[in-house]
Amino acid sequence: MNIFTTGNERQLTADYGMYLTLTADVELKQLPLVKIVHLDLTDNTGEWKEISDEEAQKIRAAKGHTAAAIDMTRYNQQMKLATMAVNTMSLTDEQALEVKELFPTFDEVLEKYEGKDLPQDFKFTEGGVLYKVLQTHKPQGIYRPGEEGTQSLYAVVSASATEQHAGTKEDPIPYVQNMILEQGKYYEQYGVVYECIQGTNTGFNFDLKDMAAQVTPVTED
């Protein structure tokens, strides 16, 4: 369970695949089942706990299908509101990664920011990877993050790509500029796989083909 304090409220957010409910000792059908809870700063967060999907199914069964459907509708509404508001919170990259599923997709960004400036540090997902905006600009569908020519616009939020890929020769990590490299891991850019021979502590504004001291292209056996 993640707890964030913003303004005059405290927000509780369940981890991916988990749910929030009350700790009260009451009948299952009386327990709420949600993903996000908004509390006043004076409210006790200890009254809420995180439960697994298996436990959530028991609550749904006790509530009945109608109550479960209401819970899902409420969940969808809360998720929509959270997606709209998550970029207004002062989250570190590490905190943002913990609630990655709350950020809008790039397609949703294109719809919301059509003809408008996308602010620096705005975060969104594309292909399951969390990105952040490096410089204010008007987003366009022909310039999707991760593609050639977009390195100055978007950067992968640290560690999100490695969550999706093993970093092996068979499952390399998609590379974009400013990504920190780990020695021994494999990365892919523009269809070429590279092995990292020297890790980096910071990201560089270069493509892998221009980083011969850090990576070497993998040749076919």
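The paragraphs below lead through a sheet, the nonpolar cores and one buried glutamine of this structure, which is a predicted model.

A good place to begin is the open sheet, whose four strands follow the order E9-E10-E11-E12 with mixed pairing. Strands of a sheet pair through backbone hydrogen bonds, either parallel or antiparallel. The edges of this sheet are formed by E9 and by strand E12 (215–217), each of which pairs on one side only. Between E11 and E12, which run antiparallel, there are three bridges, and Glu195 stands opposite Thr216 in E12.

From the sheet we can turn to the largest nonpolar core, which has 24 residues, and in which Phe124, Tyr154, Leu181, Tyr187 and Leu208 touch the most other members. At least two residues of this core come from each of helix H4 (106–112), strand E7 (129–133), strand E8 (154–156) and strand E11 (192–196). Apart from this core lies another, of 12 residues, including Phe4, Val86, Phe103 and Val157. Returning to Tyr187, we find among its contacts, once residues up to four places away in sequence are left out, Pro172, Ile173, Val192, Tyr194, Cys196 and Leu208.

The last stop is Gln177, which sits in the loop between strand E9 (173–174) and strand E10 (186–189). Is Gln177 buried or exposed? Gln177 counts as buried because its relative accessibility is 9%, and buried means under 20%. Beyond its neighbours within four places in sequence, Gln177 is in contact with Gln151, Ala155, Phe204, Asn205, Phe206 and Asp207. Gln151 lies 26 residues from Gln177 in sequence, yet their C-alpha atoms are 5.4 Å apart in space.

Definitions and conventions. Residues numbered from 1 in each chain as written. Predicted model: local features only at pLDDT ≥ 70, side-chain atom pairs only at ≥ 80, totals over all residues. Heavy atoms only, no water. Buried < 20%, exposed > 50% of the residue type's maximum accessible area, 1.4 Å probe, protein only. Contact = heavy atoms within 4.5 Å. Core = buried A, V, L, I, M, F, W, Y, C linked by side-chain atoms within 4.5 Å. Pairing = 2+ DSSP bridges.
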